[in-house]
Amino acid sequence: MKKESKKIEKEKDASAEIRSAPILADEDERRLFYVALTRAKESVTITYAREDAERRETLPSAFIDEIKSELVEQLSTEKSEEKFKEDRGFQFQSTSPQPSPYQGEGENQNKAFVQELFDKQGLSPTALNNYLECPWKYFYQNLIRIPSAPTIHQAYGIAVHASLQDLFSILKKEDKGKSFLLDSFEGHLNRQFVSERDRASLLEKGKKSLGGWYDTYSDSWNINVLTEMRINGISLSLDTGLRRYDTGEINDVRLTGVLDKVEFIEDNIVNVVDYKTGKPKTRNDVMGNTKSSNGNYYRQLVFYKLLLTHFNDGAYSMQSGTIDFIEPDEKENYHKETFEISDEEVSELTTTIQRVADEITTLAFWDKTCDEKDCEFCGLRKLMRVSSR
Ligand code: SF4
């Protein structure tokens, strides 16, 4: 199949440089294309096929023509494929009759690549929950981190979290009232890539929810807090450790996390708050004690306790964790659930982390699939023709 490619030059802000295009029915697709371009750190290579599988001629996407010509460098097919081969960090499968890369040298390369990525990315509560839900979801979303545009729910969550961070950052100095929170939310929402129609409905929903949330809690909240506390990596030594396949060296596991809000109760004793923008859940749902729940929220709180235990020589002692639902229930009531996490639960989580880290770094999940139909991650797996052992 013949291909052509266009390269956008280094360090240009593609978002600002795409010619303004009329709002058409394909606005959502244009948004996705636009978001994909802005993920690039240095340059973007766009390729398209000039013929389809039946050798019928195809046309490039109209979006490509909307990019300013002075930003584009046209590459020959041969040159771009050569570059692609050089840049490729991970080989999923060589074509038969060559041996599968899972075996022999290819297997070692894959393990080395995954171990390197795992060391670099560390393991966050979301990554762990994703792995427990499906290793391939973790593989694509958290390990390889394939770029994807935020869904409108994620865009909404980002704007809500950012406005609450603004609110608690300023409350220590002065209380600017409910309008500050709502204006901040609107400002953050305006920075999200959502269609105008979605923006209007998210704005209405957010203002209503955050406004009610403010009225419910503003008389009693704790303003002695840290917001968006980022823990970039604590080293967790495991009983058996992770043995590198190549050197035999024992590695620790690097744990990471961002805590929405840390409330000081007394001296260094804290309550950790995690905001949720979905529908409120019952206490049993949060804990994973009902049929329909997976316990992700509760596991997240246990993970935070584990993180804080090892962070900064134990500078913060986590007494409890709270899941704070920003959306009200059908009766317009707001809910928070607070839990005291036991040392035993932290120790159980450590065991789970050990198992998961071992499975990831030895590629033990490689052959796992399930019967989910139309699942995007196994779809990707097939596309990349991951081979079985
Ligand atoms: S179909 Fe594949 S990616 Fe989807 S849940 Fe099952 S194993 Fe995971």
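What covers the buried residues of helix 6? I shall begin there, with the reminder that this is a predicted model.

Helix 6 spans residues 125-133, and its buried residues are Pro 125, Ala 127, Leu 128, Asn 129, Asn 130 and Tyr 131. The cover over them includes helix 7, strand 7 (253-266), helix 12 (296-310) and helix 13.

Please keep Tyr 131 in mind, as it leads to the aromatic residues. Ring pairs link Tyr 131 into a cluster with Trp 136, Tyr 138, Phe 139, Tyr 140, Phe 365, Trp 366 and Phe 377. Across the whole structure, a search finds 22 aromatic pairs. Allow me to take two pairs in turn.

In the pair of Trp 136 and Trp 366, the ring centres are 5.3 Å apart and the planes stand at 55 degrees, so this pair is tilted. Trp 136 belongs to helix 7 (residues 135-143), while Trp 366 is in the loop between helix 13 (343-361) and helix 14 (376-383); the pair therefore ties together parts that are 230 residues apart in sequence. Are these two residues buried or exposed? Trp 136 has 0% relative accessibility and so counts as buried. Trp 366, at 1%, counts as buried too.

The second pair is Tyr 140 with Phe 377, which is stacked, with 6.4 Å from centre to centre and 15 degrees between the planes. Because Tyr 140 lies in helix 7 and Phe 377 in helix 14, this pair ties together parts that are 237 residues apart in sequence. Both Tyr 140 and Phe 377 are buried.

I turn now to helix 8 (residues 152-171) and helix 10 (residues 196-217). Their axes come within 11 Å and cross at roughly 40 degrees, which means that helix 8 is oblique to helix 10. The crossing is right-handed.

Which residues make the contact? From helix 8 come Ile 152, Tyr 156, Val 160, Ser 163, Leu 164, Leu 167 and Phe 168. An α-helix has 3.6 residues a turn, so residues three or four places apart point the same way. Helix 10 contributes Asp 198, Leu 202, Lys 205, Gly 206, Ser 209, Leu 210, Trp 213 and Tyr 214.

Two residues on those lists, Tyr 156 and Lys 205, also meet in another way: Lys 205 lies over the face of Tyr 156, at 4.5 Å from the ring centre. Elsewhere, the charged end of Lys 276 sits over the ring of Tyr 297, 4.3 Å from its centre.

That concludes my presentation. Thank you for your attention.

Note on methods. Residues numbered from 1 in each chain as written. Predicted model: local features only at pLDDT ≥ 70, side-chain atom pairs only at ≥ 80, totals over all residues. Heavy atoms only, no water. Phe/Tyr/Trp six-rings, centres within 6.5 Å; stacked < 30°, edge-to-face > 60°. Helix = DSSP H or I, 4+ residues; strand = E, 2+ residues; numbered from the N terminus. Buried < 20%, exposed > 50% of the residue type's maximum accessible area, 1.4 Å probe, protein only. Lys NZ or Arg CZ within 6 Å of the ring centre and 35° of its normal. Axes fitted to C-alpha atoms, helices over the stretch in contact; angles between N-to-C directions. Parallel < 35°, antiparallel > 145°, perpendicular 65-115°, else oblique. Left-handed = near helix turned anticlockwise from the far one by under 90°. Contact = heavy atoms within 4.5 Å.
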